Amino acid sequence: MSQPHVPPERPGPWNPPQAPRPHAPRPPAAQDGPKPSGVKDLFNGVGYLLRGIGWVARHPAQWLFGLIPALVVLAVYGAALLFLAFQIDDLAGWVTGFADGWSDAARTGARVVAGIAIYGTALFLVLITFTAMTLLVGDPFYEAIAVRVEESQGGAPPDPDVPLMVQIGRALKDALLLGVIALMFAVVFFACGFVPVIGQTVVPVVAGLVSGYFLAGELTSVAMDRRGILRKERFARMRANRPLVVGFGAATVVVFLIPLGAVLAMPGAVAGGTLLARERLAREWPAREPGPEMPVTPGDGGTAEYH
């Protein structure tokens, strides 16, 4: 017996039209493919710094433009470090007052270790805060560089609809918070610096990795803030890509330790951080609230949603 013909459903009084379902972003694996291994991501992070330096090498005007705020901050930090160098003997003697009754050799050894620990702690604080202060002082400079980098890759997201004073307030808050965190780590590393052998070998390496992690957070902040991804979420995404971020940050620390490296490489580091944020950190997770996808600009390599 043949089945009666059933007409296709059409909108009507008994079959009202259904509202379209909101688009659900695809999971990260569907967007970007399998995530690289930790070791590969470590080297990928180094590659982002090299790509950033290569970008400014091809755009020398942008490199010169980005040197201005870095030179200003370097002058202030350099004066502070020079003053500390002249006072290091007195500070080391004050810190090791407990060794006054020791033999000359033991007392001298304790003060040398204390001097190294004090100056090493100061350098750690400089590494952590130099980038934050340079970005704060040179925000218009590095914002312009980040936009140029994104435009060279296909297009930049629109300017955030946030008042200027709010942006400045956020930057100051982030810089102060970073300074407090850096000071806490500095105290720990200073204390560990007195441990024989470990304090002069393992501790500097760990300090470099920690400072590199926070440096990466600062260098990606320009591109991430432009997408509405603020500090808390930015660091959450960094934790999800820790080898990648540490590779980029640690390589930056090594370059910054070269005399004048922090100044000369700062524009390239900002460019590399912009590429890192654009290609990995800003696209790694789906958006917090589902919504229609925005058109892709050439160079994005896939669909992306600006936050």
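A salt bridge, as the term is used here, is a side-chain nitrogen of Lys or Arg that lies within 4 Å of a carboxyl oxygen of Asp or Glu. In the predicted model shown above, R280 and D41 form such a bridge, their closest N and O atoms being 3.1 Å apart. Because R280 belongs to helix α12 (residues 266-281) and D41 to helix α2 (residues 38-58), this pair ties together parts that are 239 residues apart in sequence.

**The chain as a whole**

The chain contains 12 helices and zero strands, and a reading along the sequence gives the pattern α-α-α-α-α-α-α-α-α-α-α-α. Of its 307 residues, 40% count as buried.

**Salt bridges**

Side chains of opposite charge can pair when their charged atoms come close. A search of the whole structure finds seven salt bridges, and three of the pairs are set out in the table, including the one already described.

| Salt bridge | N to O distance |
|---|---|
| R280 and D41 | 3.1 Å |
| D225 and R234 | 3.4 Å |
| R237 and E233 | 2.7 Å |

How accessible are the residues of these pairs? R280 has a relative accessibility of 12% and therefore counts as buried, and D41, at 2% relative accessibility, counts as buried too. In the pair of D225 and R234, the side chains meet in a salt bridge, yet D225 is partly exposed at 31% relative accessibility, whereas R234 is buried at 1%.

The bridge between R237 and E233 is set within a single helix, since both residues lie in α9 (residues 231-240), four residues apart, which is about one turn of the helix. Both R237 and E233 are buried. Apart from these pairs, E150, R227 and R278 are linked with one another in a network of salt bridges.

**The second largest pocket**

Rolling a probe the size of a water molecule over the atoms shows where empty space is left. The second largest pocket has a volume of about 440 Å³, and 22 residues line this pocket, of which G120, T121, V203, P204 and A207 lie nearest its centre.

Which helices supply the lining of this pocket? At least two residues each come from α4, α6 (164-192), α7 (198-219) and α10 (242-257), and the largest share, nine residues, is provided by α4. By residue type, the lining divides into 15 nonpolar and seven polar residues, with no charged residue among them.

V203, one of the residues nearest the centre of the pocket, can also be related to F190, for the two residues are 13 residues apart in sequence and 9.1 Å apart in space, C-alpha to C-alpha. F190 is found in helix α6 and, at 24% relative accessibility, counts as partly exposed.

**A nonpolar patch on the surface**

On the surface, F65, I68, V72, M133 and V137 make a nonpolar patch of about 390 Å². Two helices, α3 (60-95) and α4 (104-137), each supply at least two residues of the patch, and the largest share, three residues, comes from α3. Helix α4 thus has a part in this patch as well as in the lining of the second largest pocket.

Why can I68 be counted as partly exposed? I68 has a relative accessible area of 44%, and partly exposed residues are those between the limit for buried, under 20%, and the limit for exposed, over 50%. I68 lies in helix α3.

**Two further residues**

V112 lies in helix α4 and counts as partly exposed, at 47% relative accessibility. V112 and I88 are 24 residues apart in sequence, while the C-alpha to C-alpha distance between them is 9.7 Å in space.

L260, in turn, is found in the loop between α10 and α11 (261-264). Its phi is near 65°, a positive value in a residue other than glycine, and L260 is exposed, with a relative accessible area of 54%.

Technical notes
Residues numbered from 1 in each chain as written. Predicted model: local features only at pLDDT ≥ 70, side-chain atom pairs only at ≥ 80, totals over all residues. Heavy atoms only, no water. Patch = residues over 30% accessible without salt bridge, like charges linked within 9 Å, V, L, I, M, F, W, Y side chains within 5 Å. Areas by Shrake-Rupley, 256 points an atom, 1.4 Å probe, with all protein chains shown as cover. Buried < 20%, exposed > 50% of the residue type's maximum accessible area, 1.4 Å probe, protein only. 1 Å grid on protein atoms, 1.4 Å probe; cavity = no way out; pocket = protein on both sides within 12 Å on 5 of 7 lines; lining within 4 Å. Points joined across faces, edges and corners; volume = space filled by probe spheres on them. Nonpolar A, V, L, I, M, F, W, Y, C, P; charged D, E, K, R; others polar.
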